Amino acid sequence: MPNMSPNKNPMPSQEPLVRAKNFFEVATGYSKETAIDEALRCLNCKNMPCVSGCPVKIHIPEFIAKIKEGEFEEAYQIISKSSSLPAVCGRVCPQESQCESKCVRGIKGEPVGIGRLERFVADWHNEHYNGEIQKPQSNGHKVAVIGSGPSGLTCAGDLAKKGYDVTVFEALHLAGGVLVYGIPEFRLPKKIVAKEVDTLKQLGVKVETNVVIGKTITVDELMNEMGFEAVFIGSGAGLPRFMNIPGESLKGVYSANEFLTRSNLMKAYNDDSHTPIMKGGKVAVVGGGNVAMDAARTALRLGADKVYIVYRRSMEELPARKEEVEHAIEEGIEFKLLNNPVKILGYNNPDDKRDMKNGCVIGMECVQMELGEPDEKGRRRPIEIEGSNFTIDLDTVIMAIGTSPNPLIKSTTEGLDVNNRGGIIVEEATGATTKQGVYAGGDAVTGAATVILAMGAGKTAAEAIDEYLSK
Amino acid sequence: MFEIVNKKELNPTVTMMDIKAPLVAKKAQAGQFIILRVDEDGERIPLTVAGYDRENGTVKIIFQIVGGTTERLNHKQQGDFIQDFVGPLGKETKVDGLKKVCIVGGGVGCAIALPVAQRLHELGCEVHSIIGFRSKDLLILEDEFKAASDKLTIMTDDGSYGEKGLVTEPLKQALENGEKYDEVITIGPLIMMKFVVATTKPFDQKTTVSMNPIMIDGTGMCGGCRLTVGGETKFACVDGPDFDGFLVDFDEAMARSVMYKDFERKEHEEACNLFKGVE
Ligand SMILES: Cc1cc2nc3c(=O)[nH]c(=O)nc-3n(C[C@H](O)[C@H](O)[C@H](O)COP(=O)(O)OP(=O)(O)OC[C@H]3O[C@@H](n4cnc5c(N)ncnc54)[C@H](O)[C@@H]3O)c2cc1C
Ligand code: FES
């Protein structure tokens, strides 16, 4: 008998006021019983609308059917046919606009908690499965993967399973891409990412950190001198944008990338970390995506007294995952919607040039906005309301208004074409770039997007590379 | 892990190390930098490449002990390893076509200026060097500079060696006497570079400065290293570290460079105490 409750089983979570002061994971995950109960809400529709909403077409009703029967490892095996990172995607995918948006149960209530079930299955596997990982028989072909984010890790894993000799080159000192430097611990524990990397190593993948492709080694050297027959570029979209308004270089203005990297990768949230970060006081985060939510909630956990999200459109247009917005509101973050910064204000003591406070942020001038006609994408365009300027008192401003692909690899690789936004041009079905033997995927191609799309692109490219090298 | 194959104290506060890093050594050019982490959980700090040996695969770094991280680094000995070492980063100093150059270095900045002077000297460029230190016991690399320069002027703040005064004084004198350089290249504390630029500007003497702001990744990912140059935001790690001195907003760069001063002071004290305990 299906469970006809109109609501999802709630996700067990830390209390808002408790979690706002620690970096432990917010959502603690379904129990076995809750997972089975939630799985029973799935009607196992014949036409599987949910699958059409999944960018990598996970066989959703099938894996949920296994949960109903308590066969969690089998459920995991079904997911892993289509996804390499279920423990990650179950936590960070925007399910409300993907699989769950198509769920029939969502018409008269809440959709089935597909993301929560995916996470449960992956966590169960990680905890209970202890089958050995077999290092596959080598086929003698060498492939290089640039970047160790979701696209690179997936491409490397799929190729390694086919017997390729894969080396991942990562610029930072730790593998994982945005999963380790961007997305905070309280949303994605780093031990999950570490486990994925570890699995790759057991499959025989070599991970070379501290190598910046384009500087330490070029793509051409990889192919011509080091014997790599194919290269996958999964270098992400790490270049932060600024607004180009006055005051953006004051002390206390960060890009979200810098703020999150200091806290996550460099562990500045730890009292004994050797990396400094501005803590406390009043913080404004400019932007409305996942990055903005992560920065705001990190600032709160670092000890800010007050945190604002400043976004130029309204609640409806906020691009962040719904759950993150809800969590942020519960934790006490204040949303200043339909507002746009025009200027960041700094302290200046004209009598004492050596005053350490000189050049520190003291506030931000904003202007109110209203929504006008929809633009090409159908999003209503924000327009300034003249004369509505006002000032907020602040100590820190974090810019989370987007990132674009880094030009480093493009500028050092002959014959690799990019589009006008800096994204590497690829053939969609294969990930092949304009340079023979070189493939690309993830944010490096699309600009900042999602983990699941990056993962999917890594899979596509791995297949294409296999085909290319098997010829 | 990267091995320290050689360590030498140049003066009580400045240390030189050769680090085994063959990939970096193969590519490094004068003017570029590396980023290192001394140990797990350490901070990432940029240091300019002070030399390289492509054959032996080593990269030379010279650093002043100014904070917790450099204190920890200085505590490592020959044969020890450091956790991470990545590079070469940034753009190399442009030396093509230069016929006559004045290098102005201050303090540990001289270590960074030296490979540029050597490279220019190798290319047959006439090199005038002006190097300044607080006092005689802080003087470094005198012989090396002598070998790489057609003319060398040494300045000390207290007059304990060379001439007494600031590096800007002989520079100004030279320009007043009608010296014309293809370029003045200056590397040192921000305040010194600011004054070098103030000295050369009235003569419209082209001046290149080497900026070394706070960095994390060194690849253009964080924007922490940003500077305002000619009214535009530039990332020192990828667009620099060399910039046209007339265009750099030094006051802003100076304010940003002391952003974490309190934290750094605390770190330094902690590191000192830690090592006191060990010894
Ligand atoms: C704070 C934050 C929160 C996010 N939240 C979500 C979310 O909730 N849900 C979601 O689906 N998506 C989210 N995203 C987006 C998602 O993380 C990215 O779309 C995804 O990580 C892209 O994967 P990728 O493999 O293309 O690149 P990345 O994860 O960006 O990895 C690229 C890697 O390549 C390395 N690299 C770059 N250049 C070089 C070079 N020249 N040489 C060697 N290595 C190089 C980088 O250091 C990096 O490690 C978030 C992003 C951020 C920043
Ligand atoms: S150091 Fe991060 S962008 Fe330059």
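This is a short talk on how the domains of chain A meet and how chain A meets chain B.

Okay, so keep in mind that this is a predicted model. Let's start inside chain A. The domain assignment splits it into domain 1, residues 16–128, domain 2, which comes in two pieces, 142–238 and 404–470, and domain 3, residues 242–401.

I'll look at domains 1 and 3 of chain A. Their C-alpha centres sit 32 Å apart, and the contact takes 14 residues from each of them. Between them they bury about 1,100 Å², with 53% of that coming from carbon and sulfur atoms. Which residues carry the domain 1 side? Arg19(A), Ala20(A) and Phe23(A) give 48% of the area that domain 1 buries against domain 3, more than any other three residues.

Now, Arg19(A) turns up again: its side chain makes a salt bridge with Glu331(A), at 2.6 Å from N to O. The rule finds 2 salt bridges across this interface, plus 9 residue pairs in polar contact. On the domain 1 side, helix 1, residues 16–19, and helix 6 of chain A each put in at least two residues. By class, that side has 7 nonpolar, 2 polar and 5 charged residues.

A quick detour to helix 5 of chain A, residues 72–82. Its buried residues are Phe72(A), Glu73(A), Ala75(A), Tyr76(A), Ile78(A), Ile79(A) and Ser82(A). If you look at the spacing, remember that an α-helix has 3.6 residues a turn, so residues three or four places apart point the same way. And what covers them? Helices 2, 4, 6, 7 and 17 of chain A are among the cover.

Right, on to the two chains. Here 42 residues of chain B touch 41 residues of chain A. Together the chains bury about 3,500 Å², 57% of it on carbon and sulfur atoms. In chain B, the residues losing the most area to chain A are Met221(B), Arg226(B) and Tyr260(B), together 19% of what that side buries.

How many salt bridges are there between the chains? The count is 3. One of them joins Glu221(A) to Lys27(B), with the closest N and O atoms 2.7 Å apart. There are also 17 residue pairs in polar contact. Several elements of chain B give two or more residues to this side, including helix 1, strand 14, helix 8 and helix 9. The largest share, 6 residues, comes from strand 7 of chain B. And by class, the chain B side has 16 nonpolar, 11 polar and 15 charged residues.

That's my part, thanks.

Terms used:
Residues are numbered from 1 along each chain as its sequence is written. Chains are lettered from A and ligands numbered from 1 in the order in which they are written. This is a predicted model: local features need pLDDT of at least 70, side-chain atom pairs count only at pLDDT 80 or more; totals for chains, interfaces and linings use all residues. Side-chain values use heavy atoms; hydrogens and water are left out. Buried means under 20% relative accessible area, exposed over 50%, partly exposed in between (1.4 Å probe, protein chains only). Helices (H or I, at least four residues) and strands (E, at least two) are DSSP runs, numbered from the N terminus. Contact means heavy atoms within 4.5 Å. Domain bounds come from an automatic or database domain assignment. Buried area is the accessible area (1.4 Å probe) that two parts lose on being put together, summed over both. A salt bridge is a side-chain nitrogen of Lys or Arg within 4 Å of a carboxyl oxygen of Asp or Glu. A polar contact is a pair of N or O atoms within 3.5 Å; within protein, one must be able to donate a hydrogen and the other to accept it, and residues adjacent in sequence count only if both atoms are side-chain atoms. Ala, Val, Leu, Ile, Met, Phe, Trp, Tyr, Cys and Pro count as nonpolar, Asp, Glu, Lys and Arg as charged, and the others, Gly among them, as polar.
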